[in-house]
Amino acid sequence: MKKVITYGTFDLFHEGHVNLLRRAKALGDWLIVGVTTDNFDMQRGKMNTCDNVMERIEAVKACGYADQIIIEEYRGQKIEDIQKYGVDIFAIGSDWEGYFDYLKDYCEVVYLPRTEGISSSQLREERPAVRLGIIGTGSIASRFVPEAAFVGSNKVVAAYNPDPAERTRFCEKFRIPVSADSPEALFTACDAVYIASPIYTHYEYAKQALEAGKHVLCEIPFVLKESEAAELLDLAERSGLVLMPAHKTASCPAFNHLVSLLRSGPIGEIVEVNASVTTLTDERSEKLDAARAGGSMNENAVFPLLPVFKLLGTQWESIDFFAKMRAGVDIFTKAVIRYPHAVASFQVGLGVKTEGNMVVSGTKGYAYVPAPWWKTNYFELRFEDQNLNKKYFYPYDGEGLRYEIKDFVSCIHNGSHGKLTRQEILRMSRVQELFLAGKNVYEI
Ligand code: C2G
């Protein structure tokens with residue numbers, strides 16, 4: 001039996017893909033199709049795929065030419081697959097002419113004619129681009145604009161800041177066409193809003209944007225009251241709009257792999273999660289201004305709460321906070337969260353520095369994620385028998401914002417939900433609300 005193998009992303013499955021698979025199948029008796037994973041596509045610079053790996057696999061299956069579908073996860077896998085499956089012919093479209101000649105040492109390589117006049121990129125471009133408007137033009141917004149350029153099907157078209165000079169400077173610097181002089185003017189110019197203003201303004205801006213029919217990506221912390229989070233999520237749902245907290249770590253591919261890996265049991269039952277985020281900050285910074293919702297818990301708690309909730313769930317039994325206060329804000333807080341069969345703790349600080357790593361302890365071993373764990377690109381699973389230790393490496397491109405922007409844009413296109421569940425979003429706000437209300441807060 002002659003075995004043929006081909007690979008592709010097969011995004012927005014089209015006639016060119018059908019022709020390619022038909023021709024590949026005709027070369028032999030058994031066709032294996034390797035479909036790239038979302039992570040592998042991101043690693044090879046394809047940030048703009050519209051369909052996720054499951055949807056793309058379904059499309060390949062439905063076309064009927066594939067006898068076997070496998071997933072392609074990493075560079076170099078093709079050689080291993082050819083050997084593993086005893087492949088006779090590697091086939092690929094002529095746009096790759098010459099590129100895969102190195103596989104000739106392992107099997108026959110055939111470049112098949114590419115179908116002219118159709119491509120996934122063209123189909124993606126035909127989808128209406130999401131026009132993004134930005135509220136707040138500070139440092140995070142300045143990082144957002146260049147990162148947004150890595151994700152197809154969106155354009156930053158407008159920015160608003162109550163300060164006209166700031167706003168003009170920002171729009172000129174990033175060549176943003178509309179310098180909006182009010183939130184309403186911004187809403188008129190865009191389909192979706194990225195809120196990058198100070199924490200205490202998030203609720204109002206998010207509400208106004210949703211009421212104006214705009215999708216919202218809101219910087220974190222999202223809002224500091226559970227009732228406000230619930231109200232905004234309800235409003236978005238009723239209006240058929242996407243409302244997503246801009247949690248970089250939640251969209252980070254390596255972090256998601258860590259969570260699904262740990263949940264599948266390699267370190268046994270998870271008994272403790274500990275993570276910290278500390279950033280020594282100038283005392284005069286707004287981040288330490290009590291009147292502007294500053295403080296370590298407000299600023300940073302949503303980072304460690306993410307692995308805690310993803311690994312232990314949101315049904316905790318109690319939380320105690322140990323806080324070092326100065327000028328009305330916590331410059332450091334350690335929180336201890338008790339679960340029925342586990343405990344979590346985290347440290348956040350703007351005026352105290354500690355090691356920024358994460359450790360997840362289990363009955364068979366532990367996961368170690370070095371600082372800064374919230375920009376996950378590497379982690380280890382460690383065991384009593386060190387020979388069993390495993391190291392995992394991942395790329396973390398640029399500022400990492402591109403991953404959350406990609407999630408946001410695909411939620412808008414596909415009507416899907418972001419990486420955070422409603423319950424996780426609500427409970428993050430709840431923890432911050434409990435702290436602000438002084439519940440179980442012990443000053444140290
Ligand atoms: N194709 C084609 N005609 C088109 C468009 C695509 O024949 N008009 C072919 C491509 O040449 C490729 C296959 O369809 O053989 C899948 O194309 P993509 O989904 O764009 O995947 P690609 O990025 O080419 O991935 O490991 C992945 C492979 O390297 C190829």
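**Exercise 1. Gln347**

Does Gln347 count as buried or exposed, and at what relative accessibility? Place the residue in its strand and describe its surroundings in this predicted model.

*Solution.*
Step 1. Gln347 belongs to strand E15, which covers residues 343–349.
Step 2. The relative accessibility of Gln347 is 10%. The limit for a buried residue is under 20%, so Gln347 counts as buried.
Step 3. Contacts are listed without residues up to four places away in sequence; Gln347 then touches Asn274, Ala275, Ser276, Val277, Phe332, Thr333, Lys334 and Thr354.
Step 4. One of these residues, Lys334, also has a polar contact with Gln347, side chain to side chain, at 2.9 Å.

**Exercise 2. Glu219 and Lys248**

Determine where Glu219 and Lys248 are placed, and state how far apart they are in sequence and in space.

*Solution.*
Step 1. Glu219 is part of strand E10 (residues 215–219), whereas Lys248 is part of helix H11 (residues 248–251).
Step 2. The relative accessible area of Glu219 is 7%, so this residue is buried. Lys248 has a relative accessibility of 13% and therefore counts as buried.
Step 3. Along the sequence, 29 residues separate Glu219 from Lys248, while their C-alpha atoms are 9.4 Å apart.
Step 4. With neighbours within four places in sequence set aside, Glu219 contacts Ile140, Tyr194, Ile195, Ala196, His202, Ala246, Lys248 and Glu404. Under that exclusion, Lys248 contacts Ile140, Glu219, Glu399, Gly400, Leu401 and Glu404. Ile140 and Glu404 are thus found among the contacts of Glu219 and among those of Lys248.
Step 5. The side chain of Glu219 forms a polar contact of 2.7 Å with the side chain of Tyr194.
Step 6. A further pair involves Lys248 and Arg402: they are 154 residues apart along the chain, and 8.6 Å separates their C-alpha atoms.

**Exercise 3. Helix H16**

Check the span of helix H16 (residues 422–436) against the expected value, and identify buried residues in H16.

*Solution.*
Step 1. The helix has 15 residues, and the rise is 1.5 Å a residue. The expected span uses one less than the number of residues, so H16 should span 21 Å.
Step 2. The end C-alpha atoms of H16 are 21 Å apart, in agreement with the expectation.
Step 3. The buried residues in H16 are Glu424, Ile425, Leu426, Arg427, Met428, Ser429, Val431, Gln432, Leu434 and Phe435.
Step 4. Just after H16, Gly438 adopts a positive phi of about 80°.

**Exercise 4. The ligand site**

Describe the shell around the ligand by its residues, its polar side-chain distances and its secondary-structure elements.

*Solution.*
Step 1. The ligand is surrounded by 21 residues, of which Phe10, Lys46, Glu72, Asp95 and Ile118 are the closest.
Step 2. By class, the shell residues comprise seven nonpolar, eight polar and six charged.
Step 3. Three side chains may be examined in turn. A polar side-chain atom of His17 is 3.4 Å from a ligand oxygen atom. For Arg44, the corresponding distance to an oxygen atom of the ligand is 3.0 Å. For Lys46, a polar side-chain atom is 2.7 Å from an oxygen atom of the ligand.
Step 4. The ligand taken alone exposes 620 Å², and the protein buries 95% of that area.
Step 5. Strand E1 (3–8), helix H1 (15–26) and strand E4 (89–93) are the elements that give two or more residues to the shell. H1 supplies the largest share, three residues.

How values were computed. Residues are numbered from 1 along each chain as its sequence is written. This is a predicted model: local features need pLDDT of at least 70, side-chain atom pairs count only at pLDDT 80 or more; totals for chains, interfaces and linings use all residues. Side-chain values use heavy atoms; hydrogens and water are left out. A residue is near a molecule or strand if one of its heavy atoms lies within 4 Å of it. A polar contact is a pair of N or O atoms within 3.5 Å; within protein, one must be able to donate a hydrogen and the other to accept it, and residues adjacent in sequence count only if both atoms are side-chain atoms. Accessible areas come from the Shrake-Rupley method with a 1.4 Å probe; for residues, only the protein chains shown count as cover. Helices (H or I, at least four residues) and strands (E, at least two) are DSSP runs, numbered from the N terminus. Ala, Val, Leu, Ile, Met, Phe, Trp, Tyr, Cys and Pro count as nonpolar, Asp, Glu, Lys and Arg as charged, and the others, Gly among them, as polar. Buried means under 20% relative accessible area, exposed over 50%, partly exposed in between (1.4 Å probe, protein chains only). Contact means heavy atoms within 4.5 Å.
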